[in-house]
Amino acid sequence: MLTAVVERTLALLALLAIGVSVACVVALVRGRVPAVLRDQALWLATAVAMVCTGGSLYLSEIAGYLPCVLCWYQRIAMYPLVVVVGVAALRRDVSAWLTTLPIAAIGAGVAAWHVAVERWPSLGGGVCDAAAPCTIRWVEEFGFLTIPTMALIGFVTISLLVLVARRGAAECR
């Protein structure tokens, strides 16, 4: 019962992250970042990384969902972002995009590949262990939000937020 609530909550937060991402894209395309978004972008990115990290730990350590190889690669990219973006938020260091974007881009690439393997298992090519296959969908909310899909949304949202923080700081100069 609790796991179902956590899964639904994580899915709702992923939908919220999609909305934040759309707002970031609009702000970046228009070339104007609202002050509230500029001032909070690094903190929001930290929150997204924390939710993703906490969610993955909950699903594996409490719900008992065995992470596959691709899940571990995504974790390797996501977990450091809590510290990297969190320290940047504390220091108001908008240059953190230089560190954050490569890590998030690698994580997003792995997550996108994982989503493809989930959808078309023949793409897997034997990457994953039979005991923890990459094709298994432990969570599927709203018909499309699986764990790697939510991770992909998290990586994209974090990337966009650090870009918004950078752009917002440039506008203030």
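The following paragraphs describe a predicted model, beginning with its largest pocket and moving on to its surface, its salt bridges and some features of its backbone.

The largest pocket holds about 710 Å³ of space. Its lining is made up of 41 residues, and those closest to the centre are Leu10, Val51, Cys52, Met150 and Ala151. Five helices each give two or more residues to this lining, namely α1 (2–30), α2 (35–62), α3 (69–91), α4 (97–119) and α5 (147–172). By chemical character, the lining divides into 31 nonpolar residues, 7 polar ones and 3 charged ones. Empty space of this kind is revealed by rolling a probe the size of a water molecule over the atoms.

Nonpolar side chains are also found on the surface. A nonpolar patch there consists of Leu12, Leu15, Ile18, Val22, Val26, Phe142 and Phe144, which together have about 550 Å² of accessible area. One member of the patch, valine 22, belongs to helix α1. Valine 22 has a relative accessible area of 48%, so it counts as partly exposed, since that class lies between 20% and 50%. Another member, phenylalanine 142, lies in the loop between α4 and α5. Phenylalanine 142 is likewise classed as partly exposed, because its relative accessibility is 37%.

The backbone of phenylalanine 142 also deserves attention. Most residues other than glycine have a negative phi. Phenylalanine 142, however, has a positive phi, near 55°. Arginine 92 is a further residue other than glycine with a positive phi, again near 55°. This arginine is located in the loop between α3 and α4. With a relative accessible area of 74%, arginine 92 is exposed, the limit for that class being over 50%.

The charged side chains come next. Side chains of opposite charge can pair when their charged atoms come close. The model contains 3 salt bridges. One of them joins arginine 8 to glutamate 141, with a distance of 2.5 Å from N to O. This pair connects distant parts of the chain, for arginine 8 is in helix α1 and glutamate 141 is in the loop between α4 and α5, 133 residues apart. How are the two partners placed with respect to the surface, buried or exposed in part? Arginine 8 is partly exposed, at 41% relative accessibility. Glutamate 141, by contrast, has a relative accessible area of 9% and is therefore buried, as the class requires a value under 20%.

Another salt bridge is formed by arginine 38 and aspartate 39, whose closest N and O atoms are 3.1 Å apart. Aspartate 39 is partly exposed at 44% relative accessible area, and arginine 38 is partly exposed at 23%. Arginine 137 and glutamate 140 form a salt bridge as well, with 3.3 Å between the closest N and O atoms. Both of these residues are partly exposed: arginine 137 has a relative accessible area of 31%, and glutamate 140 has a relative accessibility of 38%.

A final point concerns valine 110, which is part of helix α4. Its relative accessible area is 18%, so valine 110 is buried. The C-alpha atom of valine 110 is separated by 8.4 Å from that of leucine 152, although the two residues are 42 residues apart along the chain.

Methods. Residues are numbered from 1 along each chain as its sequence is written. This is a predicted model: local features need pLDDT of at least 70, side-chain atom pairs count only at pLDDT 80 or more; totals for chains, interfaces and linings use all residues. Side-chain values use heavy atoms; hydrogens and water are left out. On a 1 Å grid over the protein atoms alone, a cavity is a set of points where a 1.4 Å probe fits but cannot get out, and a pocket is an open set with protein on both sides within 12 Å along at least five of seven lines; lining residues have an atom within 4 Å of a point. Grid points are joined across faces, edges and corners, and a volume is the space filled by probe spheres set on the points. Helices (H or I, at least four residues) and strands (E, at least two) are DSSP runs, numbered from the N terminus. Ala, Val, Leu, Ile, Met, Phe, Trp, Tyr, Cys and Pro count as nonpolar, Asp, Glu, Lys and Arg as charged, and the others, Gly among them, as polar. Patches are made of residues with over 30% relative accessible area and no salt bridge: like charges are joined within 9 Å, nonpolar side chains (Val, Leu, Ile, Met, Phe, Trp, Tyr) within 5 Å. Accessible areas come from the Shrake-Rupley method with a 1.4 Å probe; for residues, only the protein chains shown count as cover. A salt bridge is a side-chain nitrogen of Lys or Arg within 4 Å of a carboxyl oxygen of Asp or Glu. Buried means under 20% relative accessible area, exposed over 50%, partly exposed in between (1.4 Å probe, protein chains only).
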